Amino acid sequence: MMMAGLIILTSCGDDPKPPEIGFQTETSEILEGNETTISLSQALPSGVTPTYTITGTATETDDFTYTVSPDGSLAISVIDDFTYDPDETIVFTLTSLGTGATIGLKKTHTITIKETPLTVEFQSISGTRTEGQ
């Protein structure tokens, strides 16, 4: 005799939760002409690819360039334009991770670009002048 059976699989609520990933910090500062790296809060799981939007007052290619590393960190190079500017900002917002991870609480990182301090040098500190001329 053959019996038909029915198997029902249900979740017990113990499925692993995908990791929450954001930036390690929310703000940083850098002087013109320098480089920095902005890291994520943890390593990316296999197959997870971060997507960022960039806003702020600084202009890409005029004020900075960046690359995204395989681990999701951002390598930023700030260009020294040798012109005094007020502070500028670069705002990176983590907008997507694809599948396998969710965006954590620190989804935005703001970099403030500070002006390189000016140095004034005098070529000569001596001189003469005749009184009355």
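The secondary structure of the protein chain, examined here in a predicted model, comes to zero helices and nine strands, and the chain accordingly reads β-β-β-β-β-β-β-β-β along the sequence. Of its 133 residues, 26% count as buried. The chain exposes about 9,700 Å², and carbon and sulfur atoms supply 54% of this area. Among the contacts with a separation of 6 or more, 66% are accounted for by residues 24 or more positions apart.

Strands of a sheet pair through backbone hydrogen bonds, in either a parallel or an antiparallel manner. In one open sheet of this model, four strands follow the order β2-β9-β7-β4, and their pairing is mixed. Strands β2 (27–31) and β4 (51–55) stand at the edges of this sheet with a single partner strand each, so one side of each is left without a neighbour in the sheet. From one strand to the next, the twist averages 25°. Within this arrangement, β2 and strand β9 (residues 108–114) run parallel and are joined by five bridges; one residue of β9, Lys-114, is the bridge partner of Leu-31.

A further open sheet consists of three strands in the order β3-β6-β5, with antiparallel pairing. Here β3 and β5 occupy the edges, and because each has a single partner strand, one side of each is left without a neighbour in the sheet. The twist in this case averages 20° from one strand to the next. Strand β5 (residues 64–68) pairs with strand β6 (residues 74–78) in the antiparallel sense, over five bridges. Phe-64 stands opposite Val-78 in β6, and Thr-67 has Ala-75 of β6 as its bridge partner. The two strands form a hairpin with five residues between them, and in the turn Gly-72 has a positive phi of about 90°.

Positive phi values also occur in residues other than glycine. Thr-61, which lies in the loop between β4 and β5, has a phi near 75°, and with a relative accessible area of 57% this residue is exposed. Phe-82, placed in the loop between β6 and β7 (88–96), likewise has a positive phi, of about 60°, although it is not a glycine. Phe-82 is exposed as well, its relative accessible area being 74%.

The loop between β6 and β7 also holds Asp-87. Asp-87 and Ile-113 are 26 residues apart in sequence, yet the distance between their C-alpha atoms is 5.6 Å. When residues up to four places away in sequence are not counted, Asp-87 touches Thr-57, Thr-112, Ile-113, Lys-114 and Glu-115. Side chains of opposite charge can pair when their charged atoms come close. The structure holds one salt bridge, and this salt bridge is formed by Asp-87 with Lys-114, whose closest N and O atoms are 2.8 Å apart. The pair links distant parts of the chain, since Asp-87 belongs to the loop between β6 and β7 whereas Lys-114 belongs to strand β9, 27 residues apart. Both partners are partly exposed, a class that lies between the limits of under 20% for buried and over 50% for exposed: Asp-87 has a relative accessible area of 42%, and Lys-114 one of 27%.

A contrasting case among the charged residues is Glu-32, found in the loop between β2 and β3 (35–38). Glu-32 is buried yet has no salt bridge. The nearest side chain of opposite charge, that of Lys-114, is 12 Å away from Glu-32, whereas a salt bridge requires a side-chain nitrogen of Lys or Arg within 4 Å of a carboxyl oxygen of Asp or Glu. Residues up to four places away in sequence being left aside, the contacts of Glu-32 include Val-78, Ile-79, Asp-80, Asp-81, Phe-82 and Thr-83, and also Asp-85 and Glu-88. Further contacts of Glu-32 are with Ile-113, Lys-114, Glu-115 and Thr-116. Lys-114 is thus named as a contact of Glu-32 and as the salt-bridge partner of Asp-87, and Lys-114 is also the residue of β9 that serves as bridge partner of Leu-31.

Key. Residues are numbered from 1 along each chain as its sequence is written. This is a predicted model: local features need pLDDT of at least 70, side-chain atom pairs count only at pLDDT 80 or more; totals for chains, interfaces and linings use all residues. Side-chain values use heavy atoms; hydrogens and water are left out. Two strands pair if DSSP finds at least two bridges between them. Axes are lines fitted to C-alpha atoms, for helices over the stretch in contact, and angles run from 0 to 180 degrees between N-to-C directions. Buried means under 20% relative accessible area, exposed over 50%, partly exposed in between (1.4 Å probe, protein chains only). Contact means heavy atoms within 4.5 Å. Accessible areas come from the Shrake-Rupley method with a 1.4 Å probe; for residues, only the protein chains shown count as cover. Lys and Arg count as positive and Asp and Glu as negative; His and the chain ends are not counted.
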